[in-house]
Structure formats: structure tokens, C-alpha cells
Amino acid sequence: MIKISLPRISLDTPWMMAPALAVVLGTFVLPLGVILWYSLHVSIYGSLAPGISAANYVRIFTNSAYYDTLANSILFVACVSAAIVVIAFPFAYYVAIHVRPQRRSLYLVLTALPFLTSYLGKVIAWLNLLGRHGILNTTLVNLGVISTPLELLSRGRSAVVITFIYLLGPLAFLTIYSALERIDPNLFEAAGDLGARGRQTFIRVVLPAARNGILGGFALVYITLFGDYITPVMVGGTDGVLFVNLLVNQFGASMQWGFGAAMAVTMLATTFLILGTLKRLGGTVRSGEFTRRVVKPAGWFLRIYSIAFLIFLYAPIVLLLLFALNSSSNVGLPLTGLTLKWFRVAFSDPAFRSSLITSLEVGSAAAVIGTSFAALAAVSISRRSGLVRNGALFLLSAPMLMPPVVLGTGILIAMDAVGMTRGLWTLVAGHTLLSLPVALLVILARLEGVDTNQELAAMDLGATPLRVLTRVTLPQAAPALICALLLTFAFSLDEFILTFLITGSQTTLPLYIYGSIRFELSPSVIAGTSTILLLSIALIGLGALAYLFKRKRMTSAVNGGLANV
């Protein structure tokens with residue numbers, strides 16, 4: 001009898017990346033190719049005309065309605081992105097340089113929490129705050145500070161800028177902070193010994209060291225803003241229309257899919273051009289270990305600025321929750337009493353319950369699939385170096401660098417090209433594509449620090465690679481797995497931009513809320529929005545607690561083991 005032995009698959013085999021790569025290739029790379037193909041064909045009543053043509057691109061750059069809007073959008077988004085970076089920098093500088101290392105995690109959580117909660121919910125909060133008769137103008141008039149409403153706080157471009165600063169300020173903070181915290185405190189002392197004053201030290205030491213963090217923050221903010229077609233119109237009205245809004249309109253009643261694809265390619269090309277320019281400006285900056293001591297106590301300005309920054313982040317969320325609990329039938333101030341009535345009204349609506357169930361189904365499936373595939377890929381990538389590692393990381397992380405509207409457009413056009421019908425699975429696939437890079441980076445960061453000696457010892461004792469994976473490797477990455485699962489679930493619950501484009505007959509909770517506020521901003525809609533907000537906060541909070549608790553236990557175990565040696 002011939003005994004056939006199958007080859008044992010090791011943990012660093014490329015095949016472990018196959019599921020994640022299949023998702024990215026099927027829902028990202030292939031759709032981008034289809035977008036490019038569609039962009040080279042003219043649409044006639046929703047169908048593509050035969051023959052390759054550059055007519056769509058000629059139309060974009062010869063029709064002032066399009067190229068002027070494109071140029072103005074790029075300039076507007078770039079200026080807003082720069083403003084956000086400038087506003088976030090003092091707070092990041094305060095936390096990274098002046099706050100004790102033991103307390104920095106608290107500031108990071110306090111800043112990240114409002115950023116990771118419901119995007120649409122925060123926009124709705126600013127809908128109440130801004131406007132000629134919004135809460136801010138009304139309060140200032142009632143207090144006698146102003147006699148007539150300020151245009152700065154009314155609907156329009158200024159309202160879009162304020163809302164964008166609120167939405168993306170924490171993202172800029174996190175990227176700048178990561179660069180500032182690696183500045184060697186000895187550089188400040190050396191600069192002082194050489195006679196440099198505070199301003200000179202800031203210009204000659206701080207800014208050059210934080211250059212990549214500043215440019216990285218600008219890039220991430222720019223990508224997010226450039227693809228947001230909801231916030232400008234909701235908050236700014238007709239004054240908020242950007243190039244991306246014209247793009248989305250091509251996939252509505254006009255059925256100009258070829259022209260819409262050309263607009264998507266144009267957006268993508270301009271984004272890559274800006275990213276390439278930023279990369280050339282960034283260069284290489286030498287960085288050290290994370291700072292473990294405070295350079296000097298902060299001045300009164302930075303302290304007050306930091307408090308104001310945190311109040312700015314949390315005030316709209318608190319107001320939104322209060323409006324959901326307000327017994328008045330009018331959304332806004334004054335508060336006439338607290339009640340759960342509007343939550344009962346929202347949950348008694350069959351459409352609301354159906355959309356909530358759909359969101360939970362899609363979020364659960366996308367989180368489980370995305371985290372599982374990301375975990376397998378992270379195990380393989382963490383054991384590799386060189387071209388394979390860099391290539392896999394770039395490909396799997398690339399969806400994060402694309403505006404969601406381009407991803408949604410690609411999936412929509414690719415499905416039309418092959419004649420597939422949109423349904424629940426479409427939403428799961430799209431949300432999995434968005435979840436996978438996030439989960440990958442979270443899990444990979446944990447696996448990079450895992451001691452592989454335990455895996456080698458288990459294999460020496462006869463354990464199979466599968467048994468080592470499930471009994472040794474993944475348990476060590478448990479904090480990151482839990483964190484990734486909860487984060488991706490929270491992101492999926494809140495996702496709107498891509499969902500709006502690729503959904504079929506299914507309605508998720510953000511889509512339901514968006515459809516409702518187009519007719520009336522009622523207390524029950526505010527209660528529904530608060531439901532998403534509270535779910536996001538709970539999930540993200542649980543993920544952070546699980547990660548910190550597990551890491552503390554593992555650190556204690558390691559310290560205890562070292563003490564016994």
C-alpha cells in the first residue's frame with residue numbers, strides 16, 4: 001500500500017493571502033479596469049456606443065461647467081485640508097510634547113472616539129447648529145452678541161468648511177501626533193544650548209521632524225473630502241456642489257455611465273498627482289523612539305486651545321443626543337423635558353426596523369469576513385520581507401487611498417458590465433472591501449511584535465501549522481482581532497457614500513435616515529441617528545477596552561515571568 005503524504009503548508013505561505021487578495025482583485029482592481037474601459041466609450045441611453053473614443057475626456061476639459069468645477073473643487077478641498085492640518089497641529093503638539101506619556105492614551109481615545117462614530121450623525125448635528133435660524137445664530141442673537149444672523153454660520157461654503165473641520169480634524173491630529181511623538185527631546189535641549197529661542201526651535205526642529213506627519217494628514221484629509229458628495233450638499237446646499245456631485249449625477253436618471261466613468265478616472269488621476277507631489281515634498285525624515293518624557297510644561301495658550309478643541313469635538317454629539325431625548329416635537333432648543341418617546345416612535349416604524357436589521361446583517365457579515373481574511377493575510381505578511389511583503393501590503397491597503405465614491409462607481413459599473421443584479425451580497429462585498437484594509441493594519445501591528453519562538457516550539461513538538469495558527473498565533477493576536485472586528489462592524493453600520501451607489505432594493509439605516517431628512521428633520525429621525533451614534537460609541541469603546549485589557553494582562557504575565565527567572 002502506497003502512503004501519500006501531503007505537503008505541510010507553513011504559516012508564511014502566500015496562499016494565506018489568497019482570500020484577501022481575491023476580495024481586493026474582485027471588488028477593487030477589476031472594477032477599476034472596467035471604469036477605465038467604460039470611460040473610453042460614449043453612453044447612448046444607458047448603453048455604450050461601439051468603438052473606443054476620448055470624447056468623454058474631451059467633454060470634461062472643454063466644457064467650462066465641468067473643468068471649472070473640477071479646478072474649483074481641487075482648490076477648495078486643498079485649502080480646507082490645509083486649514084484642518086493647521087487647526088489640528090497645536091493640539092497634536094500639546095499632546096505629543098507636553099502631556100505625560102502615561103496620559104497620552106487617554107487623549108488619543110478622547111480624540112479618536114468622535115472621529116470613529118457616525119459620520120452621517122455628526123453631519124446632521126451640524127445641520128441643527130448652522131443656518132440663519134440655526135442654534136448658533138439664534139443663541140448669539142438672543143444673548144445680544146449680534147443683532148442679525150452671521151453669514152459665516154449660515155448655510156453655504158462657510159458651513160461646509162466648518163463641518164469638514166469638525167469631521168476630519170481628529171484624523172489630521174492622529175497623523176501629526178504620530179510624527180511629533182517621535183521627536184527626540186534631546187533636540188530641544190541641544191537647540192536651547194545653541195541659543196535657539198522658542199520660535200526658532202519650532203521652525204528648525206519641530207516642523208522638519210513633523211513634515212511627513214503634516215503631509216500625511218493633508219493627504220488623508222484631502223482624499224476623504226474630495227470623495228464626499230453628501231456633506232457639501234446637505235450643509236452647503238447649492239453652494240456646496242463639487243465635482244464629485246456632478247459625477248454621482250451621471251449614474252442617476254441621465255444614465256451617462258461612460259461620462260461618469262471618465263469623471264471618476266479624472267478624479268483618481270488628480271488624486272494620484274497630488275499624492276505624488278506630497279511624496280516628493282515629504283522625503284525621508286529620521287525618527288527615533290516614541291518620547292517617554294515631557295519636554296517642558298505647556299503654556300496657557302496650548303492648554304486652553306486643547307480644552308477648546310475637545311469641547312468642539314464633543315459638543316455637537318452631546319447636543320444631538322439631547323435633541324433625541326427632548327420632549328418637544330421641534331428639533332432644537334429649548335429643552336422642554338427628557339423622554340424616550342422619540343426612540344419608541346423610531347423603533348415602531350417598520351421601515352426603520354427593517355433598515356436596522358439590514359445594517360446589522362451587512363455589518364456582521366462584512367466584519368467577520370473582512371477580519372478573518374485580514375488575519376490570514378497578516379500572519380503571512382508579518383513573516384515576510386522585501387518585494388512580496390511590500391507588494392501585498394500596497395495592494396491590500398490601496399482601497400484606503402481611494403475615495404469611496406470611486407470604489408462604489410467601479411463596483412456599480414463592473415456589475416452592469418457582467419449583467420449582475422445588485423442585492424444584499426453587493427453591500428457585503430463592498431463593505432468587506434472597506435473593512436479589510438482597516439482590519440489588516442490593526443492585526444498586522446499586533447503580529448509584528450509577537451514572539452515566534454512559541455510557534456517554533458509548538459512545531460518542534462509535532463503541532464501542525466493549522467494547530468499552531470489556532471492555538472498559538474491567533475490567541476496572541478486576540479486583542480487586535482477583537483478590536484478589528486468591532487471597528488469594522490462600527491464602520492459598516494455607518495457607511496453611506498459607497499452604500500448609496502451599490503445598493504439594490506435593500507435600505508441600510510444610514511440610507512433610511514438620509515431619505516427621511518430630505519423631507520423633514522423630525523425628533524424620531526434624530527433618535528434614529530442617535531441610535532447609530534450610540535452603537536458606534538459602544539462598539540468602539542468595547543474594542544478599545546478589550547485591546548487595552550488584554551494587552552495589560554499579557555504585559556503583566558510577561559513581567560511576572562521575567563521576575564521569576
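**Stop 1: charges over rings**

Select Arg 157 and Phe 76: the arginine lies over the face of the phenylalanine, 4.4 Å from the ring centre. A charge is taken to sit over a ring if NZ of Lys or CZ of Arg is within 6 Å of the ring centre and within 35 degrees of the ring normal. This is a predicted model, in which local features need pLDDT of at least 70 and side-chain atom pairs count only at pLDDT 80 or more, while totals for chains, interfaces and linings use all residues. Residues are numbered from 1 along each chain as its sequence is written, and side-chain values use heavy atoms, with hydrogens and water left out.

Next select Arg 59 and Phe 259. Arg 59 is placed over the face of Phe 259, at 3.9 Å from the ring centre.

**Stop 2: the whole chain**

Zoom out and colour by pLDDT, the predictor's confidence in each residue on a scale from 0 to 100. The average is 81, and 83% of the residues score at least 70. Residues 1–7 have pLDDT below 50 and make 0 contacts beyond near neighbours in sequence (contact: heavy atoms within 4.5 Å). At residues 557–565 the pLDDT also stays under 50, and the model has 0 contacts for them beyond four places in sequence. Where pLDDT is low, the predicted coordinates should not be read in detail.

Switch to a cartoon view. The protein has 25 helices and 2 strands, taken as DSSP runs and numbered from the N terminus (helices H or I, at least four residues; strands E, at least two). Of its 565 residues, 49% are buried; buried means under 20% relative accessible area, exposed over 50%, and partly exposed in between (1.4 Å probe, protein chains only). Among contacts with a separation of 6 or more, 78% join residues 24 or more positions apart.

**Stop 3: helix α18**

Select residues 404–418, which make up helix α18. Its end C-alpha atoms are 21 Å apart, in agreement with the 21 Å expected for 15 residues at 1.5 Å a residue; the expected span is 1.5 Å times one less than the number of residues. Because 11 of the 15 residues are buried, α18 is largely enclosed by the rest of the structure. The buried residues include Leu 407, Gly 408, Ile 411 and Met 415. Gly 419 follows the helix, with a positive phi near 75°.

Within α18, pick Val 405. Val 405 is buried, at 0% relative accessible area. Show its surroundings: leaving out residues up to four places away in sequence, Val 405 touches Gly 227, Tyr 229, Val 244, Leu 247, Val 248, Met 267, Ile 497 and Leu 501. Gly 227 is 178 residues away along the chain, yet the two C-alpha atoms are separated by 5.7 Å.

**Stop 4: two more buried positions**

Go to Ser 81 in helix α3 (residues 64–98). Ser 81 has a relative accessible area of 0% and is therefore buried. Beyond four places in sequence, Ser 81 touches Phe 218, Val 221, Tyr 222 and Leu 225.

Then select Leu 356 in helix α16 (residues 350–381). Leu 356 counts as buried, at 13% relative accessibility. Apart from neighbours within four places in sequence, Leu 356 contacts Phe 347, Leu 509 and Leu 535. Tyr 512 is 156 residues from Leu 356 in sequence and 8.9 Å away, C-alpha to C-alpha.

**Stop 5: salt bridges**

The structure holds 2 salt bridges, each a side-chain nitrogen of Lys or Arg within 4 Å of a carboxyl oxygen of Asp or Glu. Select Glu 181 and Arg 104, whose closest N and O atoms are 3.0 Å apart. Glu 181 is in the loop between α7 (157–180) and α8 (185–193) and Arg 104 is in helix α4 (residues 101–116), so the pair ties together parts 77 residues apart in sequence. Glu 181 and Arg 104 are both buried.

Now select Arg 132 and Glu 151, where the closest N and O atoms are 2.6 Å apart. Arg 132 belongs to the loop between α5 (119–129) and α6 (135–142) and Glu 151 to the loop between α6 and α7, so this pair ties together parts 19 residues apart in sequence. Arg 132 is partly exposed, at 40% relative accessible area, and Glu 151 is exposed, at 53% relative accessibility.

**Stop 6: aromatic rings**

Finish with Phe 91, Tyr 94, Tyr 107, Phe 173, Tyr 177 and Phe 309, which form one aromatic cluster. Rings of Phe, Tyr and Trp (its six-membered ring) pair if their centres lie within 6.5 Å; planes under 30 degrees apart count as stacked, over 60 as edge-to-face and the rest as tilted. That rule gives 21 aromatic pairs.
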